[in-house]
Amino acid sequence: MSILDKASLIQIPSGYKNGKLYSVKPTPTYGSELVTNGDFNTDSDWNKGANWTISGGTANRTANATSNISQVISGISGKKIQVVFTVSNYGGSGGIGASANGNDYTQNVGNGTFTEQITPTSDNLYIRASYAFVGSIDNVSVKEITNIGDFDFSRASSGTRVNSEGLVETASVVSTTELVTNGDFASSSNWNGVNANGVTISNGTLNYSETPNGTNITQSSVVEIGKKYKVTFTISNYVKGGILVVFGAGGTTQEVSSNGTFNLYGVASLNTTLYLQARGASGTTLSIDNVSVKEVFENDVPRLDYSDGSCASLLLEGQSTNLITYSEDFSDSSWTNSLITVTANATTSPDGTLNADKLLNGVGSSHIGKSLTVTNGVDYTLTTFVKKVENDVFQQQIFNSGYTEKVYLYFTFSTETITITDTVTGTSYISSAFKDMGNGWYKITLTIEAFDTTLRIRNRIGSENTGADNASLYIWGAMLEQSSYATSYIKTTSASATRTADVCNNAGTSATFNSTEGVLFAEIAALANDLTNRGLALSDGTSSNACRIYYSNSSNNIRFFFNVGGNAQVIKSVNLTDITDYNKIAFSYKQDDFKIYINGVKVEEDTSGIVPSANTFSKLSFDRGYGGENFYGKCKQLIVFNEALSDSELTTLTTL
């Protein structure tokens, strides 16, 4: 039998959706039915919002008005529940879904049976309909999920990752809910503006024939203002002109002027209408088919990162802010420019799009940079992505406000080496690094201790202080963050931007874990040796009962802690060569039998100590088990076993 057959929960970064990180085990189980009168046999038990009625064995939404139908169910607050309901008599617009708080919800569109998992914030079950929804619901079922291994995940902002192709991208999830009706043009319904200006629907396509520039074909109540969407469509029979997709009158995507299938993204503004706008001074002639619009989620999306190769790791980071504005637009006037010619969008950047700029030196002291207000004596990290054109050296200079002290960084492309010149009195230069991002791009990072309240940053091409005359370089993605190490890239435009902290916790229930014996295993790497406590834990949600593995506030140190009833049974400390390297770590627990293995070696054991009673451990979290000291690092594997493994099994499990 494989060792993994003995596992009760396995999290190998592989799958996720908005707000959830999937585990491989266990199979969810469910409690008893909690809802009353879910088949609407009587007009009772439900609180009906605007335009809701109950009759004929269904709950019916009869007219427009965003509202809920709800029921008080004692004890569901804070619990994971599964909600199932059936929609019939769908009116063609809007959507409906279960809501944890009566406001936020997923819009399920069309007739059918829908299944959702939510965690209510009160003892109220809400089923919320959008403004345009008209239809009926039936067969409502609510059950507590009593055994689930998926992690709850949250981050109240977008965040970038390196994907499997080596590109820097914003982690996102595209909804499975289709928001467009009749996107295959099987009929002439739902679309406004047809049969005028040379626009017709026939043979399953929307056809433009000499259609004047600016003509709009629209569908109302498709998008919501401020949300991001993906639109997919196919153009055929292309002759001339083009199509511009507009979300809500003000949120545009790019114009398309050729045959093919296209995937475009945009943020809706001004109203809720989808526009297909004809473009071209001499008119538009083409056909459109298979129009699809789905919401794109970027907040609360876990990041499976491939920075370290072909195997994904879960990336968890604390909050950070990019202080450099217009991080991808070096032609903006906010950049101080001396004798540099900037060619915008000159080549493909590390995010795979044509948005990297080319810098060309003039004759003389050429540079481009920023002056930024900082806190003196605090650590800052500067990140820049650069690509060689013909000159072999990229140079960065950081001065104080009076240009009397400086730190110079020189990166030589041909030898892949960094050299530093530091003339600052006292501590300044801390560390520097580079990373090959592929396609000739390098990520250059420099960490310093600020030596003034103003730092003047200059980018130069060439090894001498003034730079090389007529030399050129590609540049993209400038970032300065108040941090002792570089984090994932944060894009900015006219203002600084903040990526909020990742929070990943609450996997499992008491049915998932064995409290009396087991193994907590992780393959992890710290983001930095920054002398802070960052860990993961199997616990009951309190400090009283917990099995913890955590990087400590000592250099390159990892600690192990097992607590029962508020009393420490095991406290062990192990020094590693480098906690930023991946290490395979196993903490095995059983009555009077505790073992710690790292990379195939037993490094500690304790033959005395008790374990909790059955059904005590109820959650697995990337923190200390009861909130705080969140794990900020990278995780390739996280596994819980419901039996203590043998020495040979622990050796095999943790062998690199």
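**Cores, spaces and lone cysteines**

Let's start inside, with the nonpolar packing: the largest nonpolar core has 46 residues, and the members that touch the most others are Ile558, Phe560, Phe562, Phe587, Leu620, Phe622 and Leu638. There's also a second, separate core, made of 33 residues, with Phe330, Leu359, Phe413 and Val424 among them. Keep in mind as you look around that this is a predicted model.

Hang on to Phe330, one of the residues of that second core, since Phe330 also turns up in the lining of the largest cavity. By the rule used here, the count is one cavity of 30 Å³ or more, and the largest cavity has a volume of about 40 Å³. Its lining is made up of Ile324, Phe330, Trp335, Leu382, Thr384, Gln396, Ile457, Asn459, Ile475 and Ala478. Sort those residues by type and you get seven nonpolar, three polar and no charged. If you'd rather find the spot by secondary structure, look for strand S34 (379-388), strand S40 (454-461) and strand S41 (472-481), each of which supplies at least two lining residues.

Now for an open space. The second largest pocket holds about 1,200 Å³. It is lined by 33 residues, and those closest to its centre are Thr170, Lys228, Glu298, Asp351 and Lys491. Across the whole lining of this pocket, the split is 11 nonpolar, 15 polar and seven charged. Four strands each put in at least two residues: S16 (168-170), S23 (251-256), S24 (260-267) and S42 (497-499). Of these, S24 gives the most to the lining, with four residues.

That leaves the cysteines. How many disulfides does the structure hold? Zero. Take Cys311: this residue is in no disulfide, and the nearest cysteine sulfur, in Cys635, sits 10 Å away. A disulfide needs the two sulfur atoms within 2.5 Å, so Cys311 has no partner at that distance, its nearest cysteine sulfur being 10 Å off.

What about Cys635 itself? Its sulfur has its closest cysteine sulfur in Cys504, at 8.8 Å, and that is too far for a bond. The surroundings of Cys311 and Cys635 are worth a look too. Cys311 is partly exposed, with a relative accessible area of 41%, whereas Cys635 is buried, at 0%.

Notes: Residues numbered from 1 in each chain as written. Predicted model: local features only at pLDDT ≥ 70, side-chain atom pairs only at ≥ 80, totals over all residues. Heavy atoms only, no water. 1 Å grid on protein atoms, 1.4 Å probe; cavity = no way out; pocket = protein on both sides within 12 Å on 5 of 7 lines; lining within 4 Å. Points joined across faces, edges and corners; volume = space filled by probe spheres on them. Nonpolar A, V, L, I, M, F, W, Y, C, P; charged D, E, K, R; others polar. Core = buried A, V, L, I, M, F, W, Y, C linked by side-chain atoms within 4.5 Å. Buried < 20%, exposed > 50% of the residue type's maximum accessible area, 1.4 Å probe, protein only.
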